[in-house]
Amino acid sequence: MRQSILALAAALCATFASAATPTKDTSAWWGHVRVLASDEFQGRLTGSPGYRAAAEYVAKRFAAAGLKPAGDAGYFQHVDLVVQTIHTDASHVRLTRPGAEPLEVSDRVVLSPSVLQRPDVTAPLVFAGYGLHLPEAGYDDFDGLDVRGAVVVLLVGGPESLSGAQRAHAYAENLARHLEDAGAAGVIQLTAPRNREVPWARQKAAGTMPGMVLAEPALRRFRAPAFHAAFDESRAEALFEGSGHTFAELAALAEAHRPLPRFPLAVGLAAHVEASLAEARADNVVAELPGRDPSLRAEAVVLSAHLDHLGTGAPDHGDGIFRGAMDDASGVATLLEVASRLRARHAHPRRSLLFLAVCGEEKGLLGSRYFAAHPTRHTGRIVADINSDMFLPLYPLKRLIGFGADESTLGDDVRSLGAALGIELVPDPQPDHLVFVRSDQYNFVRHGVPAIMLMMSPHPGTAEEQALTDWFARRYHAQADNLDQPVDLEAADAYTDLVAALALRVADARGVPHWRPDSFFARFASQPLR
Ligand SMILES: [Zn+2]
């Protein structure tokens, strides 16, 4: 009989995991993945009937696990959205130069569907280096640069002196706020060739899908409409013509993390963007296990995962449904299993637990952004977020990456639980990918709440590493993230036990988790974002 890892870890008398090795027919966790990734839910696109049906399934399972409704309407928190569809055929983008014919560059840009676009923009262009506005770190690419009425051209990256987290935060938060304060008309983003993550063609294809923003303007990244586009770097020299600089020279500096010059460009922009807007609504699903300790139950630990995925598209080695079995049906299945395992062993922690399945992650972390700004319960008393997004049980659970583990005491909690289970917490092998600020936990971080996201990690130099590489190449955001893929169900159970153990440990601890004093993110606990 296989002993539950949690029983080993915490010397608890009850075991969570079933005795026999689970199969796709016997694993309760897989059973939830199978339902969430089924035809019925049609890829769970935020705002679609399929998403709504998936949300109802999750609410029913929360109820069956004895959790209390904790939304605004039963288990649901309505999130109002605006859907933007850009009509590229009816839009145009041109570069202008006095005394010369305008240069049509519409086929070199992707107009961002996730920023509400201004219909017409005629503006000078200003190159703002990396476009990083971080006065809190003593760095400002906009210092002394006049961008009023201009469209700012920037090259994504940053100097060595800034951490990846600082850069990511500057792009995710500070840039939009600063451009709006400075009266700029918009942004054109460039990527140095060696820093590109997604091939240009894929970025171009993604730009044809409708985008979404929150209906509440104060919660948007760009609160007012703006010109917002990415520019094909392989044909970017036209932007720099007559400026005394070349894109090749600037890209080489960016690839070496060197300082970039800032200067007005000789060409201007004339754009017309044709877009249609529609209203939509989707729901976060929220459930609560109230805490047992009267002095602590006002505080809550959030367990989160995203319920939405990409919906449907043209068939591509599949039937047209983006099932998102790992992204992130797997994380929602973990929430449902944690709830039912806690119930099975009558667990009743001192602080409250909030189970949160959010919408709109794939559209820009929208559901979690809304919840973190408008919590349905425990306002100002949420003490931690433990997020599960694509933890990828492709091999046995021996190593875990904890995104954010070095930022707060939550890393210590995972380390000590893991040590008892033979699970090692390993460093993030790709810190430049900035995963910590790219999933839902970041919206809690922005509000000062310590957070962590756990992902399984392969043994270096083994077939596990190849399995992970292959998964991203073949299945990530593809229709092959389906129910036919190989999954290590024991690892999924072990991961789910670990999340349950972590939630109980944090909810029962004497003190609440806190940021390390040297963490960049510690500032949000004392300086609320505006
Ligand atoms: Zn995704």
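What spacing do the donors of the zinc ion follow along the chain? The pattern is D-x34-E-x114-H.

Before going further, a word on what you are looking at. This is a predicted model, in which local features need pLDDT of at least 70 and side-chain atom pairs count only at pLDDT 80 or more, while totals for chains, interfaces and linings use all residues. Residues are numbered from 1 along each chain as its sequence is written, and side-chain values use heavy atoms, with hydrogens and water left out.

**The zinc site**

Let's start at the metal. The protein donors are Asp327 (OD), Glu362 (OE), Glu362 (OE) and His477 (NE2), and they lie 2.0 to 2.5 Å from the zinc ion. A donor here is an N, O or S atom within 2.8 Å of the metal (3.2 Å for Na, K and Ca); water is not among the atoms, so sites may look incomplete. The arrangement is irregular because the four donor atoms subtend angles of 55 to 141 degrees around the zinc ion. For the label, four donors count as tetrahedral if all angles lie between 85 and 135 degrees; four count as square planar and six as octahedral if opposite donors are over 155 degrees apart and all others between 65 and 115, and anything else is irregular.

Asp327 and Glu362 link distant parts of the chain, 35 residues apart: Asp327 is in helix H8 (residues 325-344), and Glu362 is in the loop between strand E18 (352-358) and helix H9 (366-373). Those labels are DSSP runs numbered from the N terminus, with helices (H or I) of at least four residues and strands (E) of at least two. Both Asp327 and Glu362 are buried, where buried means under 20% relative accessible area, exposed means over 50%, and partly exposed is in between (1.4 Å probe, protein chains only).

Asp327 has something else to show. Its peptide bond to Asp328 is cis, with omega near 0 degrees, and Asp328 is found in helix H8.

Helix H9 is mostly covered, with seven of its eight residues buried. Among them are Leu366, Tyr370 and Phe371.

**Two positive phi angles**

Arg44 is not a glycine, yet it has a positive phi of about 50 degrees. Arg44 sits in the loop between helix H2 (28-36) and helix H3 (49-64), and is buried with a relative accessible area of 0%. His378 also has a positive phi, near 60 degrees, in a residue other than glycine. You'll find His378 in the loop between H9 and strand E19 (382-387), where it is buried at a relative accessible area of 15%.

**Two domains**

The chain is assigned domain 1 (21-83 + 279-526) and domain 2 (88-273); the bounds come from an automatic or database domain assignment. Taken over C-alpha atoms, their centres are 32 Å apart. How many residues of domain 1 are in contact with domain 2? The count is 23, touching 22 residues of domain 2, with contact meaning heavy atoms within 4.5 Å. Together the two domains bury about 2100 Å², 63% of it on carbon and sulfur atoms. Buried area is the accessible area (1.4 Å probe) that two parts lose on being put together, summed over both. The rule also finds two salt bridges across this interface.

**Salt bridges**

A salt bridge is a side-chain nitrogen of Lys or Arg within 4 Å of a carboxyl oxygen of Asp or Glu. The structure holds 26 of them, including these:

| Pair | N to O distance |
|---|---|
| Arg446 and Glu173 | 2.6 Å |
| Glu56 and Arg52 | 2.9 Å |
| Glu299 and Arg351 | 2.7 Å |
| Asp319 and Arg323 | 2.6 Å |

Glu56 and Arg52 both lie in helix H3, four residues apart, about one turn of the helix. An α-helix has 3.6 residues a turn, so residues three or four places apart point the same way. Glu56 is partly exposed at 33% relative accessible area, and Arg52 is partly exposed too, at 29%.

Glu299 forms its salt bridge with Arg351. Glu299 lies in the loop between strand E14 (275-289) and strand E15 (300-306), and Arg351 in the loop between H8 and E18, so this pair ties together parts that are 52 residues apart in sequence. Glu299 and Arg351 are both buried.

As for Asp319 and Arg323, Asp319 is partly exposed at 46%, whereas Arg323 is buried at 9%. Elsewhere, Glu337, Arg341, Asp493 and Asp497 are joined into one network by salt bridges that share partners.
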